[in-house]
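Student: Please pick one part of this structure and take me through it closely. I would like the terms explained as they come up.

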Amino acid sequence: RLAKNIRPHYMFNRRRNDNHDNNSNKDDADKDKQDDSEKKKEENKMRPSTDPHAFMARLLQYCECPQYLRRNFFPMHPDLQFAGLLAPLDAPHHVRALDRSEFREGVVLDKVGKEGGSLVYCGIRSQDVEIDRVLSAGIRCTVQIDPRAYTMPGKSFKGKVVSPSAPREKDGTYWGYTTRMASSIKAIFDEAPYSGGYDLKIGTSERGDTSVDDPSFGASGNDADAMSSFQHAIIVLGGVAGIEECVDADETMEISGNESKSLFDMWVNVCQFQGSRTIRTEEAVLICLSRLRPALFPDQVSNNGKKKKKSSTVLSQVEFSDGSMSDESE
């Protein structure tokens, strides 16, 4: 009986080691589970969009954003894996570091200037701009800067927050676009961002009633009146099968695809002699905007296609450092 209770000392050590190993294995298993859950969460965040509309919207927003702000608003995402292959816009609001631009896009920093206003990063090297108010950090805003500040090295930049439409309203400078997603073609009109909606609706189709190539296009009749007095116009482009297919797919619409033209003030064929079975959407956008511009803004273009001379009241053009390569092209 006494002999049965006696155990060699190495047996006790072995049991202690077994308990220690079990606890270690349990801790390792818990840690692995935690790592796996975190990895799954990260994978879910980095999963590419399954909705093609969200994918397209993200690309459009990325292209519009000035290159020096993209890290602030666009974290790593699979949808943007090949964004470097996209053709850069190099639009006027994609201001370079050495440009003496009166207007700049910026992101509000979590800092306050000497005079109590928020500091905004506007792409100026080693210089943040103090604005005339306090805004929440992380939002994007349009800042107007006194151009003389660029010629005063060492002095802090000061500016004021303005509407994104201010550059266009002041001297006609194009200042980018906004991306809006609509759940259906009906929602395009019902969810218009303007109180009165769109007062000029142009539908594009190869089966259009009128063509841009017609000599009388936009020169007389109801079309001319509508195009000369509009406040907010919208140009709608369909997919491969046209706007008609979009209308047929919208269950909230009470009309069929063959009656699609009743939704618009103008039903236009912008490329009558296209010579191709289909036109890509990215090609159709450029074609439509360039071909409809003379009719929509006749005061800006003369009969021979040359721009009219601007009046002397227009401010001098913004200086661009054209000698340097665009940051988007690098």
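Tutor: L286 lies in helix 9, which covers residues 281-296. Helices are DSSP runs of H or I with at least four residues, strands are runs of E with at least two, and both are numbered from the N terminus. This is a predicted model, in which local features need pLDDT of at least 70 and side-chain atom pairs count only at pLDDT 80 or more, while totals for chains, interfaces and linings use all residues. Residues are numbered from 1 along each chain as its sequence is written, and side-chain values use heavy atoms, with hydrogens and water left out.

L286 counts as exposed because its relative accessibility is 61%. The scale calls a residue buried under 20% relative accessible area, exposed over 50% and partly exposed in between, with a 1.4 Å probe and protein chains only. Together with V285 and L289, L286 makes a nonpolar surface patch of about 280 Å². A patch takes residues with over 30% relative accessible area and no salt bridge, joining nonpolar side chains (Val, Leu, Ile, Met, Phe, Trp, Tyr) within 5 Å and like charges within 9 Å. The areas come from the Shrake-Rupley method with a 1.4 Å probe, and for residues only the protein chains shown count as cover.

Helix 9 also holds a charged contact. The side chains of R291 and D213 meet in a salt bridge, 2.7 Å from N to O. This pair links distant parts of the chain, since R291 is in helix 9 and D213 is in the loop between strand 7 (210-211) and helix 7 (221-229), 78 residues apart. A salt bridge here is a side-chain nitrogen of Lys or Arg within 4 Å of a carboxyl oxygen of Asp or Glu. R291 is partly exposed, because its relative accessible area is 29%. D213 is partly exposed too, with 33%. By this rule the count comes to 14 salt bridges.

Next comes the pocket beside the helix. The second largest pocket has about 480 Å³ of space. Its lining has 24 residues, and E206, G238, G239, Q274 and I279 lie nearest its centre. Helix 8 (243-249) and helix 9 are the elements that give two or more residues to this lining. Helix 9 gives the largest share, four residues. A pocket is found on a 1 Å grid over the protein atoms alone: it is an open set of points with protein on both sides within 12 Å along at least five of seven lines, and lining residues have an atom within 4 Å of a point. Points are joined across faces, edges and corners, and the volume is the space filled by probe spheres set on the points.

E206, one of the residues nearest the centre of that pocket, forms a salt bridge with R207, with the closest N and O atoms 3.1 Å apart. E206 is partly exposed because its relative accessible area is 48%, and R207 is partly exposed at 44%.

For contrast, consider a pair outside the helix. K158 forms a salt bridge with E130, the closest N and O atoms being 3.5 Å apart. K158 sits in strand 5 (residues 157-162) and E130 in strand 3 (residues 129-130), 28 residues apart, and the pair links distant parts of the chain. K158 counts as partly exposed because its relative accessibility is 36%, whereas E130 is buried at 7%.

Terms used
On a 1 Å grid over the protein atoms alone, a cavity is a set of points where a 1.4 Å probe fits but cannot get out, and a pocket is an open set with protein on both sides within 12 Å along at least five of seven lines; lining residues have an atom within 4 Å of a point.
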